[in-house]
Structure formats: C-alpha cells, structure tokens
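Notebook open, viewer up. I'll jot down what I look up as I go, strands to begin with and then cysteines and rings.

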Amino acid sequence: MFHKKLDNFPKDFLWGASSAAYQIEGAATEDGKGKSIWDVYAHEKGNTYKGTSGDVAVDHYHKYKEDVGLMKKMGLKAYRFSIAWSRVIPEGVGKVNIKGLKFYHNLIHELEKAHIEPILTIYHWDLPLALQEKYGGWESAKTIAAFKNYAELLFREFGAEVKYWVTINEQNVFTSMGYRWGTHPPKKHSFKLMLLANHHINIANAEVIKLFHQMVPNGMIGPSFGYGPTYAKTSDPEDVLASMNANDFNNNWWLDVYCTGKYPFFCKKQFEKWNIMPEVTGEEQKILEDTEAHPDFLGINYYHGGTFQQNRIQKAVKSEEQESFDKTDPYLEQPKERNANEPEVPMFNNVENSYVDKTQWGWEKDPTGLRIALRQVYEKYHLPIMITENGLGAQDKVVKGKINDNYRISYLSEHIIAMREAITDGVNLLGYCAWSFTDLLSWLNGYSKRYGFVYVDQNDQENGSLKRIPKRSFSWYKNVIKSNGKDLKVEE
Ligand code: BG6
C-alpha cells in the first residue's frame, strides 16, 4: 500500500517502555525472595558474559521511585514490567511472600500517581528454582498447575489496578535457548524436550487466559511473542519453500496455537515423523481451542526478521563485526554445532540479508520488517497488537557526563515511521513499548550491550555507582510522546 499522507497515531496510543524483573530488580535474596533458575544459572561458570548476574542488576528494587520519577519526567504513557514469580511465591507453589507482593503494589501505586499505565508481564523467564528441581520445570505438567495458581494470585492482587497483562514473554526464544540450543537454563539440547516443554507452556498460557477472563473481565491479556518475518533468499521456489517452513516453525508454531488452538498442520506432521511431537490429549486440545482461552491482543517483540534458503548446510551465519561480541543470538535458527538430537535435514537454512544494515551485535536493522510483521500478524489473527519490545542494543559511551545515542534515535525513528505506515495500512495498534526504559542486564551480554533511554552506571564487574543519567534519546522520546509520534526530529 502507498500513502500520500500518513494517519496520525490514535489519541490514546500507549507510548511506553519495557523491562523484565531479573534484568533490573537486583535484591536477589532480599525480603524473602526465593531463587529462580537464572539466579543459579548465571553463577555457573561460562554461562553468561563475564559471569554477570542479576544479583544487583540496576537495583530497581530499591530505586523504583527514582525510576518512575524519570518516567514521569519523560511523559511516558505506559510501562511494561514483569513480576519475579519467586519474589511473590518463593518456592513456586505454596507460601506467599507478602513483602514481595508489597513491592509490586508500591510500584503500581507509584505508576498510578504518575498517570502511567502499567503493563504487567506474568512470566519473563525467571522460573522459581524449586519448580525446576522438584518437577523438572516446564518439562512437567505440574508446572502448569503452579503457574495457574501463581497467575490467580496476581489477578486477585492486581486485577483491579492493572488493565493490560502479558502472560508469557517470547516463548519461542526461551524454549529454544533453554531446551534446544542449551544457552539458557535448564541448558538442555533436545528438540523433543523443547517441544514438550513448549506444549506445557501453551496449556499454561491458555488456562491462565481463561481464568483471567473470569477474574478480570475488564482487562486485556495476551502473550508477547518474538516475531520476525521470514524472507526467501531468492525466488528459487526451493528457497520460497524454506521460508514457508521457517514461517511455520518460527512464527505460526506459537501464534496459531495461541489464537486458534491448533498446531500448524505441516510442521506437526514433520515432527510426528521425526517422533518429537508431544502427545496432545483430547482434554488439552479442548482447552487450547476454547475461545475463552484465546488472547485479547497480541504483544509483538520485534527486533528483526530472518532470511532463508533451502537447507544445504547447517551452519550459523555470523558476520565479522558480530564475532567479537556475540555469545548467542536468540534469533539465529541454527546451533553452532549440530548435536545428535537434531534432525539431520533441518527445514530451512538461515542466511544473511544483504539488503539491510546490522547493529554492533550483528542484528539486522529492518524497520520495514516491522511493518511487514504487523501486517502479517494483523491479517492473520485480526487481534489488536501492542509492540511490547523494540530497541537497539549498543555500547553506549559517557562523554563529559553525556550519552549521545543518536544511533538509537535513528533506529527508533525508523521503526516508529514503519509503525505509523502500518497504522495507515489499517493495523489496530494499541501501543509501542521500546526496549528498554533504563539500561539493564542483557541476559548473555552483561552491561556491554545497552538499550535504555536512561544510562545506568553499572558495569560487568557489577560495582557501578548505579547513578541514572538520561541519554539524548530520553529527551527525544519525550518529544515523540508529547507530539503523539509526529515530532521525530533531534534537537541540537
Ligand atoms: C528479548 C527479551 O528477547 O530481547 C529481553 O525479551 C532481552 O529480555 C531483549 O533483553 C534483548 O536481548 P539481548 O540479548 O540483546 O539483551
């Protein structure tokens, strides 16, 4: 579609920013918090960049008032954060930690005072350790019941104050990293286990959405999914087929289940042949297909898409610039080495896209891909969409007390334009939450890779002053919000 003039952003558009508990809170053992799988994983040698962990992170637990104060100063309309399950139920099930709940009540109260809409993520990867140890985490159906019980507590506690809820963050990423590539906890290498854990999470997601509809009838709930459009490398029909396979597995494998309750047909058939498809009972199929268990909106986390060709070799694509930084890129679809549990003939091969630039970390910069993503998702599922993450990871430098992150401003501007084009195309977009509000711990890249509007003096030795300094992008985004997305210029 071509537009001579772009539509304005809707009047009540939610201009926001995002975070996740493990990446910002710190206070890992304070006030009765239990351990999560990340608390242990990050302390095992070699798992994270320079052994960085969320023990202190950016100390948001103690500095939340200062952080919300900065959000208010910026004029932020919405703030997406996650709850640390083990802070409110230390063992995953059983005893509730009142002090943990109190922290989130205080945070939400502070946001309310600042007229900032809270967007609450129930699960952003930090599973209580006790559930991993007792049940094997998501490999066991018992974790579904624990999750439902945890969500019920949150709906009871926060349902009256919080309208927008995210069930699960990037299920595609953490199941792949945790169970297939072995780069997140529980560090396993089995495609079959990944699909099993993933199936349990699907049921958990559906059950919790159904419960939400009973308990919080005026709210809206949906998962946040890491979406990337899948391009064919050439018009060679074999490459086109490979990109269809990639789309089926990278996107539809999750979104179809969320929105229709059905696993994509061809992929499922392939997995059955490989004997890795989990059994889906009649009872489970029923809950997945129950329309009351389907989302009210879709959260889309967008960083980039992918380009695919028919599988010739199985090899991760890396660029030279990326080499020095990269530990693992969650969006690359091949492991560094083939392991015995992988099928011998993968369904597609992920290659570089020569039409787009890259970030310092080798992530493709593809704003048009955001418009494509929004169009594809909206066309297929016709649900309102909220962009729950989008941002640029970079090595910011403090020069004379200032952070001149013009590269981030350009990146975000281009994506905001793409978003406006998608709105003009007709996509129903509720809001845009940039990743991230403050700098925060990157799961595998420590503090070298920063995303925030607010610089935090924290380093990979985790002994920074934790001082907050708004970056240039802070005042830029403030103007974007004030002008409801019209003013993207950078003030000199
Ligand atoms: C998303 C996650 O995958 O990407 C975030 O939801 C994460 O938690 C973000 O921080 C950026 O990833 P990274 O690896 O660059 O820090």
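How many bridges join β6 to strand β8, and do they run parallel or antiparallel? I count three bridges between β6 and β8 (residues 306-309), and the two strands run parallel. Note to self: this is a predicted model.

**Entry: the sheet around β6**

I looked up where β6 and β8 belong. They sit in an open sheet of three strands, in the order β6-β8-β9, with mixed pairing. Its edge strands are β6 (230-232) and β9 (349-351), each of which pairs on one side only. From one strand to the next, the twist averages 45°.

For a residue-level handle on the β6 and β8 pairing, I have Y231, which stands opposite T307 in β8. I also checked what packs here: helix α10 (residues 237-260) lies across β6 and β8, and its direction is at about 170° to β6.

**Entry: β7 and its partners**

Next I went to β7. Strand β5 (residues 220-226) pairs with β7 in the parallel sense over three bridges, and G226 stands opposite N301 there. β7 also pairs with strand β12 (residues 385-389), again in the parallel sense, over four bridges. In that pairing I find G299 opposite M386.

Which way do the β7 residues point, and are they buried or exposed? L298 and I300 point one way, G299 and N301 point the other way, and all are buried.

**Entry: cysteines**

I searched for disulfides and got a count of zero. C259 is in no disulfide, and its nearest cysteine sulfur, that of C267, is 16 Å away. C259 is buried too, at 15% relative accessible area.

Why is there no bond for C433? Its sulfur is 19 Å from the closest cysteine sulfur, the one in C259, so that is too far for a bond; the cut-off is 2.5 Å. C433 is buried as well, with a relative accessible area of 0%.

**Entry: aromatic pairs**

Searching the whole structure for aromatic pairs, I got 45. I noted two of them down.

One is F191 with F271, an edge-to-face pair at 5.4 Å centre to centre, with 65° between the planes. F191 lies in helix α9 (residues 191-215) and F271 in helix α11 (residues 265-273), so this pair ties together parts that are 80 residues apart in sequence. Both rings are tucked away: F191 is buried at 2% relative accessible area, and F271 is buried at 0%.

The other is Y303 with Y451, also edge-to-face, at 6.2 Å centre to centre and 75° between the planes. This pair links distant parts of the chain, 148 residues apart: Y303 is in the loop between β7 (298-301) and β8, while Y451 is in the loop between β13 (429-435) and β14 (454-456). Y303 is buried with a relative accessible area of 5%, and Y451 counts as buried at 7%.

I also pulled up one aromatic cluster, which includes Y22, W38, Y41, W85 and W443.

**Entry: charges over rings**

Which residue lies over the face of F191? I get R180, at 3.7 Å from the ring centre. So F191 turns up twice in my notes, here with R180 and above in its pair with F271. I logged a lysine as well: K449 lies over the face of W363, at 3.8 Å from the ring centre.

Definitions and conventions. Residues are numbered from 1 along each chain as its sequence is written. This is a predicted model: local features need pLDDT of at least 70, side-chain atom pairs count only at pLDDT 80 or more; totals for chains, interfaces and linings use all residues. Side-chain values use heavy atoms; hydrogens and water are left out. Buried means under 20% relative accessible area, exposed over 50%, partly exposed in between (1.4 Å probe, protein chains only). Two strands pair if DSSP finds at least two bridges between them. Axes are lines fitted to C-alpha atoms, for helices over the stretch in contact, and angles run from 0 to 180 degrees between N-to-C directions. Contact means heavy atoms within 4.5 Å. Rings of Phe, Tyr and Trp (its six-membered ring) pair if their centres lie within 6.5 Å; planes under 30 degrees apart count as stacked, over 60 as edge-to-face and the rest as tilted. A charge sits over a ring if NZ of Lys or CZ of Arg is within 6 Å of the ring centre and within 35 degrees of the ring normal.
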